[in-house]
Amino acid sequence: NYDESYCTYTCQTGAVRLVASKFKSQGTVEVCYENIWGSVCSDSWDTNEASVVCKQLGYNGTSVSYSNAYFGQSVSTISFTGLSCTGNETSLVSCPRSLTPIGYTGCAHSQDAGVSCSSIGPLYQYTTTGCTSTQYQCNNGKCISPTLRCDHNNDCGDLSDEFGCAPCYHSQLQCSSGSCIDKGRACDHSSYDCSYPNYDESYCTYTCQTGAVRLVASKFKSQGTVEVCYENIWGSVCS
């Protein structure tokens, strides 16, 4: 945590964002409350709450609600539980909710709420009459840099910059199921990074020097599950 110890995380109370997804229009919901990002418990989560989140993010189409960390678990605290929106609110913090403290322990991150948002036409109106030869023209007329094509973000606003693209980044491995994982997770001795057991391990060559140790299963280099190399094979240590 040394590289995190001097960081200042700030956000504006009421703001929402979507995490744990490669697309901006869907993901696990986090809301800023008292300058702290936190997830939302899905114990009462439905399309009313999803609609508020999507409208707050600028989408004007259908909204789909997801429960039980469908897109993945948040790594932040848990901010809200028991939300009861009507769908007409302008922000998620305006919805009635259970009065529970930040970090509420009666709900786990396995219950994190998520949404998928869409728009009817472009999110914004563009009056451009054409793009330059160095730009990519979206179906809605917006001009963007060609480097934004196929970056797994809805840069055009109508998803036309993502049509016909390969499903995974160059830094990712495509599993047999079609899902994408970071190449760094391949060959890590975890059988279930891909939904098909051992798919991401089947082409790996493991070499290590007996006596070496490493930490895995953590986003920080200074902490994690211990593995030791013995007879050129990485293995964990029983606690």
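## Order of the elements

From the N terminus on, the chain runs β-β-β-α-β-β-β-β-β-β-β-β-β-β, which comes to one helix and 13 strands. Please keep in mind as you look around that this is a predicted model.

A few overall values help set the scene. The chain has 239 residues, and 33% of them count as buried. Its exposed surface is about 14000 Å², with carbon and sulfur atoms supplying 51% of that area. Among contacts with a separation of 6 or more, 48% join residues that are 24 or more positions apart.

## Strand 6 and its partners

Strand 6 spans residues 114–117, and both of its faces are covered. Gly114 and Ser116 are buried on one side, while Val115 and Cys117 are buried on the other.

Which strands pair with strand 6? Strand 2 (residues 26–33) does so in the antiparallel sense, over three bridges. Strand 4 (residues 63–66) also pairs with strand 6 in the antiparallel sense, here over four bridges. To find these pairings on screen, you can start from one residue pair for each. Threonine 28 has glycine 114 of strand 6 as its bridge partner, and serine 63 stands opposite cysteine 117 of strand 6.

Serine 25 is another good place to pause. This residue is found in the loop between strand 1 and strand 2. Is serine 25 buried or exposed? At 10% relative accessibility it counts as buried, because the cut-off for that class is under 20%. Leaving aside neighbours within four places in sequence, serine 25 is in contact with Leu18, Tyr59, Val115, Ser116 and Cys117. Val115, Ser116 and Cys117 in that list are the buried residues named above for strand 6.

## The helix

Helix 1 covers residues 47–56, and its buried residues are Glu49, Ala50, Ser51, Val52, Val53 and Cys54. What do they pack against? Their packing partners are strand 1, strand 2, strand 4 and strand 6. Strand 6 and the two strands that pair with it, strand 2 and strand 4, are therefore among the elements that the buried residues of helix 1 pack against.

Both ends of the helix have a detail to look at. At the start, a side-chain oxygen of aspartate 46 reaches to within 2.9 Å of the backbone nitrogen of asparagine 48. Just after the helix, glycine 58 takes a positive phi of about 100 degrees.

## Two salt bridges

How many salt bridges does the structure hold? There are two. Side chains of opposite charge can pair when their charged atoms come close.

In one of them, the side chains of arginine 17 and glutamate 30 meet at 2.7 Å, N to O. Arginine 17 belongs to strand 1 (residues 16–19) and glutamate 30 to strand 2, so this pair ties together parts that are 13 residues apart in sequence. Arginine 17 is partly exposed at 31% relative accessibility, whereas glutamate 30 is buried, with a relative accessible area of 2%.

The other salt bridge brings together the side chains of glutamate 227 and arginine 214 at 2.8 Å, N to O. Glutamate 227 sits in strand 12 (residues 225–230) and arginine 214 in strand 11 (residues 213–216), so here too the linked parts are 13 residues apart in sequence. Glutamate 227 counts as buried at 9% relative accessibility, and arginine 214 is partly exposed at 25%.

## Two asparagines with positive phi

Asparagine 35 has a positive phi of about 65 degrees although it is not a glycine. It lies in the loop between strand 2 and strand 3 (36–40). With a relative accessibility of 48%, asparagine 35 counts as partly exposed.

Asparagine 68 has a positive phi as well, of about 55 degrees, and it is not a glycine either. You will find asparagine 68 in the loop between strand 4 and strand 5 (77–80). Its relative accessibility is 52%, and asparagine 68 counts as exposed. Why do the labels of these two asparagines differ? Exposed means over 50% relative accessible area, so 52% for asparagine 68 passes that mark and 48% for asparagine 35 does not.

## A nonpolar patch on the surface

Which residues make the nonpolar surface patch? Leu215, Val226 and Val237 do, and the patch is about 240 Å². Valine 237 lies in the segment after strand 13 (233–236). By their numbers, Leu215 falls within strand 11 and Val226 within strand 12, the two strands that hold arginine 214 and glutamate 227.

How values were computed
Residues numbered from 1 in each chain as written. Predicted model: local features only at pLDDT ≥ 70, side-chain atom pairs only at ≥ 80, totals over all residues. Heavy atoms only, no water. Buried < 20%, exposed > 50% of the residue type's maximum accessible area, 1.4 Å probe, protein only. Patch = residues over 30% accessible without salt bridge, like charges linked within 9 Å, V, L, I, M, F, W, Y side chains within 5 Å. Areas by Shrake-Rupley, 256 points an atom, 1.4 Å probe, with all protein chains shown as cover. Salt bridge = Lys/Arg side-chain N within 4 Å of Asp/Glu carboxyl O. Contact = heavy atoms within 4.5 Å. Polar contact = N/O pair within 3.5 Å; in protein donor to acceptor, adjacent residues only side chain to side chain.
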